Amino acid sequence: MDTTVLIIGAGPVGMTLAHKLTAYGCKVRIIDKNQGPTKLSKALVIWQRTLEVLDSTFDARRLIDHEHAYDVHGVLFQTPTEKLGEVDLKNSEGELPTGIFIPQSATEQVIVEKLKEQGVEIERGNELVSFEQSDDTVVSLIKDQNGETHSITSSWIVGADGAHSQVRHGLKLPFEGNTIERRWLLADISIAEEQNPHFMQAYFSEEGLVGFFPIGQNRWRVIIDGGEAERKGAPSQAEIQTILRTRAGNKWKIEESFWLSEFIINERIVPQYQVGRVFLAGDAAHVHSPAGGQGMNTGMQDAMNLAWKLALAQNAKDHHPLLKTYHEERHLIGERVVAETSQMIHMAMVHHPLVRRLREFAMRHITRTKWFNQTMKPKVSEIDLSYRRQELAQSAPRTKGRLRAGDRLPDEIENNAYIYRQLKHTGATLLVSGIAETELPKILGGNESNLPLKIVAISADGTLAEQLDLKHGGIAMIRPDSYIGAISRNMGELNDWLKTNHLAPST
Ligand SMILES: Cc1cc2nc3c(=O)[nH]c(=O)nc-3n(C[C@H](O)[C@H](O)[C@H](O)COP(=O)(O)OP(=O)(O)OC[C@H]3O[C@@H](n4cnc5c(N)ncnc54)[C@H](O)[C@@H]3O)c2cc1C
């Protein structure tokens, strides 16, 4: 065996997976056919949920405090002549911001540096050609930059190789969905007049949508609905400037353009995230419209869901049952993201005058309601995601609190500090109320591959105990990705759940 896990693709998803697996003590190799990380701005937002889950092993401040990063404060909806409304995205629940604007090139650079510190070398100039899996191993055929081929044998491979995934092709999986037959334009520009870099801005007009996303230093990403026109190749700066004047008024005078491109939108997802010893994650598994900036975030969260499960399964003789929960939990989220971003983009594409007027009326009025702002913030920042209805949570003891197994643990104050500070380690956490520490297990796992279980006492009178239904004592097991694994009244109940899911330490 050359390695436990072989990751194909060192984009943000593959690198996040390599980081987490290494932090959890799992042997990993990562290859990429390119010579270096992307230099393009591509995905511009990292949302709170991605930052939170990264933060346990990777100080999210490295991204939040980056010289090119800005906290997200909101979205402005406008016509060329008036402001329609505003979504407030400031003051997130917890210690981390609702989101940050940061170019993907900077995000990738920060993760590359972290991998270097962990001693993980990305094997660049190495392309996966094909692979073959048996009951015990996967043998991958790799072509290096000189055209020479060699093989790598691993227990698992993960295809994080982007939208044109060779791993997905190798599995012969369909990429189900559709293409929106429409021309979209992209321009990264700098502008003469300073604009607030904490807000996205969307302009709606008769001619179509224009969206502005801050990249910092007076630079902006512009996304333009080019209508049903044929694709004509990259637009010129003059073409973009004319569109901006017509659809967004006079304040967007271009000084310089850095990237001009056209693209089409695909909305697709694979039916299976796992086939035997092969997994798919990120764009290899799902692609969709850039509305809401969810693409890279969803992919990085795929990686963080899979990492701790692979780490626990690494020495299993047979297929570890935990691994199938990756598809169960993440495919549903992928479907939701594809559907919701599709709704958003179709709403933005409306051209019928009556429907447009209705949309403007709705934006003027709904954005002023408390309900709208309270719903939008957890949705866009992805902190409302839950695995409550999936098998791992369903097998946990039934409880009656507001928080249940499968939900995200909120970043509440406990003992005068945010609880997520207690989750900064490389394992799972037991939040304990009124139970003697000596009764509690110290590790999670059952196949000679274990993760530490950190024990944190919480107050029976506190907010967390109330929400977790632990006022009268009990334990909440928080998974390494900070979702609630199980809530139980006593150690017996928790042990039963751990054993059912092969998470109990072997005796
Ligand atoms: C032009 C453009 C603009 C975008 N804008 C946005 C945006 O505004 N917001 C947003 O959320 N998302 C945006 N995205 C999407 C976002 O960039 C992706 O969601 C994100 O990069 C997905 O990460 P990934 O790691 O899954 O795949 P990728 O970033 O595509 O990385 C895949 C990696 O795999 C490597 N690879 C591929 N095949 C092989 C092989 N056979 N062997 C070895 N290595 C291989 C590639 O070289 C690459 O490094 C944009 C994408 C593009 C192309």
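This section describes the nonpolar core, the ligand surroundings and one sheet of a predicted model.

The largest nonpolar core comprises 128 residues, of which Ile-7, Leu-17, Leu-21, Val-158, Ala-281 and Ala-307 touch the most other members. Helix α7, spanning residues 295–313, supplies the largest share of this core, with eleven residues. Because residues are contributed both by domain 1 (3–71 + 99–176 + 268–347) and by domain 2 (391–500), the core lies between the two domains. For Ile-7, when neighbours within four places in sequence are left aside, the contacts are Gly-14, Leu-17, Ala-18, Val-28, Ile-30, Val-158 and Ala-160. Leu-17 and Val-158, both in contact with Ile-7, are themselves among the core residues that touch the most other members.

The ligand is surrounded by 29 residues, and those that come nearest are Gly-9, Gly-11, Gly-162, Gly-282 and Gly-295. Two or more residues of this shell are given by each of α1 (12–23), β2 (28–32), β9 (127–133) and α7. Helix α7 thus appears in the ligand shell as well as in the nonpolar core. By residue class, the shell contains eleven nonpolar, twelve polar and six charged residues.

An open sheet with mixed pairing is formed by eight strands, arranged in the order β6-β5-β13-β14-β15-β12-β16-β19. Its edges are β6 (83–88) and β19 (286–287), each of which pairs on one side only. The pairing of β19 with β16 (residues 254–269) is antiparallel and extends over two bridges. Opposite His-286 of β19 stands Ile-269.

How values were computed: Residues numbered from 1 in each chain as written. Predicted model: local features only at pLDDT ≥ 70, side-chain atom pairs only at ≥ 80, totals over all residues. Core = buried A, V, L, I, M, F, W, Y, C linked by C-beta atoms within 7 Å. Buried ≥ 20, exposed ≤ 12 C-beta atoms within 10 Å, placed from the backbone. Helix = DSSP H or I, 4+ residues; strand = E, 2+ residues; numbered from the N terminus. Domains from an automatic or database assignment. Contact = placed C-beta atoms within 7 Å. Near = placed C-beta within 6 Å. Nonpolar A, V, L, I, M, F, W, Y, C, P; charged D, E, K, R; others polar. Pairing = 2+ DSSP bridges.
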